Amino acid sequence: MNKNKAKIATVVALMALAFVGVSCVNEKHDDKSAASEETIQTTPAKSDLPYELANPVKYNMPQNLFEISGIVFHKGDPSRVFAIQDEDGDLFYLGLSDKQSKFTKFGGKGDYEDLAIINNYIIVLKSNGELHTFPISEINKPEAANVIKTKDLVPKAEYEGLAADEKTGTVYVLTKEVKKGKKDETEIFAFKFDGGKFTPNGTFTLSSKEIAGLSGESKLKFRPSALAKNPSTGEWYVLSSMNKLLVVTDASFKINAIYPLKGSFFNQPEGIAFDRDNNLYISNEGGTLSAGNILMFKLKK
């Protein structure tokens with residue numbers, strides 16, 4: 001009888017030890033979970049993008065805009081979009097649903113990347129940083145007159161993005177890839193614009209390392225292709241075709257959030273713009289089975 005009691009006592013003691021062990025493991029697990037929760041809470045939360053990137057309205061472009069690049073609206077008017085394509089010095093303009101586009105020649109053959117409109121002037125960017133500027137009234141002619149070519153305004157590099165802020169009278173030129181100097185930063189050069197003249201007004205940077213960290217891809221090399229300022233929030237939306245990313249920054253280009261561009265409709269996103277109702281537009285070059293297009297993302301209500 002005493003032996004049985006001893007056995008029972010031993011079993012009880014072992015069960016107690018096991019319970020304590022499990023409790024310790026659970027306590028450690030709970031501590032780890034609490035630490036993870038704290039990390040999440042201290043990490044800056046990504047702002048919710050007010051556009052559904054998975055649900056665009058698509059407008060196919062005419063054949064002469066198969067290689068559509070930059071896009072812009074005059075004073076945000078969505079009834080007519082202005083666009084360029086990579087190879088020819090032609091400024092196109094059309095309604096989003098039009099089957100044909102009109103165009104005005106402003107330059108010869110070249111690698112034209114983006115355009116902007118400010119104070120009734122059109123500015124077109126070449127990949128070498130050269131700017132072509134002419135009055136918007138010239139679009140009523142087959143070939144624009146009084147085109148001003150501005151060279152050596154920015155350092156030697158590859159450029160793809162151009163934007164203008166009419167409220168401040170400022171033009172921004174975005175570097176795609178720097179040939180010399182810092183390789184982990186993208187530079188944005190700001191200029192005050194007055195009647196065709198550009199006056200330097202500061203330089204901003206975007207860190208490839210920071211963008212890579214937010215994207216979870218340590219080897220990412222950020223190569224932006226366009227930028228536009230959200231007229232409602234004052235945020236900059238920076239587009240990268242190569243990385244299939246949309247980077248949202250504050251007015252001083254401090255990064256707020258990044259969003260991957262998923263879906264087959266993002267064939268080659270090259271241009272970005274907003275209309276006066278704050279709807280977002282992204283243009284895509286055509287592909288083997290698709291025409292060039294402009295995608296509209298309605299502002300969430």
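Modeller: On a 1 Å grid over the protein atoms alone, a pocket is an open set of points where a 1.4 Å probe fits, with protein on both sides within 12 Å along at least five of seven lines; lining residues have an atom within 4 Å of a point. The present model is predicted: local features need pLDDT of at least 70, side-chain atom pairs count only at pLDDT 80 or more, and totals for chains, interfaces and linings use all residues. Residues are numbered from 1 along each chain as its sequence is written, and side-chain values use heavy atoms, without hydrogens and water.

Colleague: Which residues line the second largest pocket?

Modeller: This pocket has a volume (the space filled by probe spheres set on grid points, which are joined across faces, edges and corners) of about 150 Å³. Its lining has three nonpolar residues (Ala, Val, Leu, Ile, Met, Phe, Trp, Tyr, Cys and Pro), four charged (Asp, Glu, Lys and Arg) and two polar (the others, Gly among them). The lining residues are Asn128, Gly129, Glu130, Lys151, Asp152, Leu153, Val154, Pro155 and Lys156.

Colleague: Which lining residues are the closest to the centre of the largest pocket?

Modeller: The largest pocket holds about 580 Å³ of space. Of its 28 lining residues, the closest to the centre are Ala164, Glu166, Lys229, Pro231 and Phe274.

Colleague: How many residues in the lining of the largest pocket are charged?

Modeller: Strands (DSSP runs of E, at least two residues, numbered from the N terminus) contribute to this lining: S2, S6 (112–118), S10 (157–165), S14 (226–229) and S18 (269–274) each supply at least two residues. By class, the lining divides into 16 nonpolar residues, four polar and, as charged residues, eight.

Colleague: Which strands stand at the edges of the open sheet S2-S3-S4-S5?

Modeller: Four strands form this sheet in that order with antiparallel pairing, where two strands pair if DSSP finds at least two bridges between them. Two of the strands have a single partner each, so one side of each is left without a neighbour in the sheet; they are S2 (68–73) and S5 (102–105).

Colleague: Which residue in S4 stands opposite Phe82?

Modeller: Strand S3 (residues 81–85) and strand S4 (residues 90–94) run antiparallel and are joined by three bridges. Opposite Phe82, in S4, stands Tyr93.

Colleague: How many of the residues of S2 are buried?

Modeller: Buried means under 20% relative accessible area (1.4 Å probe, protein chains only), and 47% of the 301 residues in the protein chain are buried. S2 is joined to S3 by four bridges, with Ile68 opposite Gln85 in S3. S2 is mostly covered, and of its six residues the number buried is six.

Technical notes:
Buried means under 20% relative accessible area, exposed over 50%, partly exposed in between (1.4 Å probe, protein chains only).
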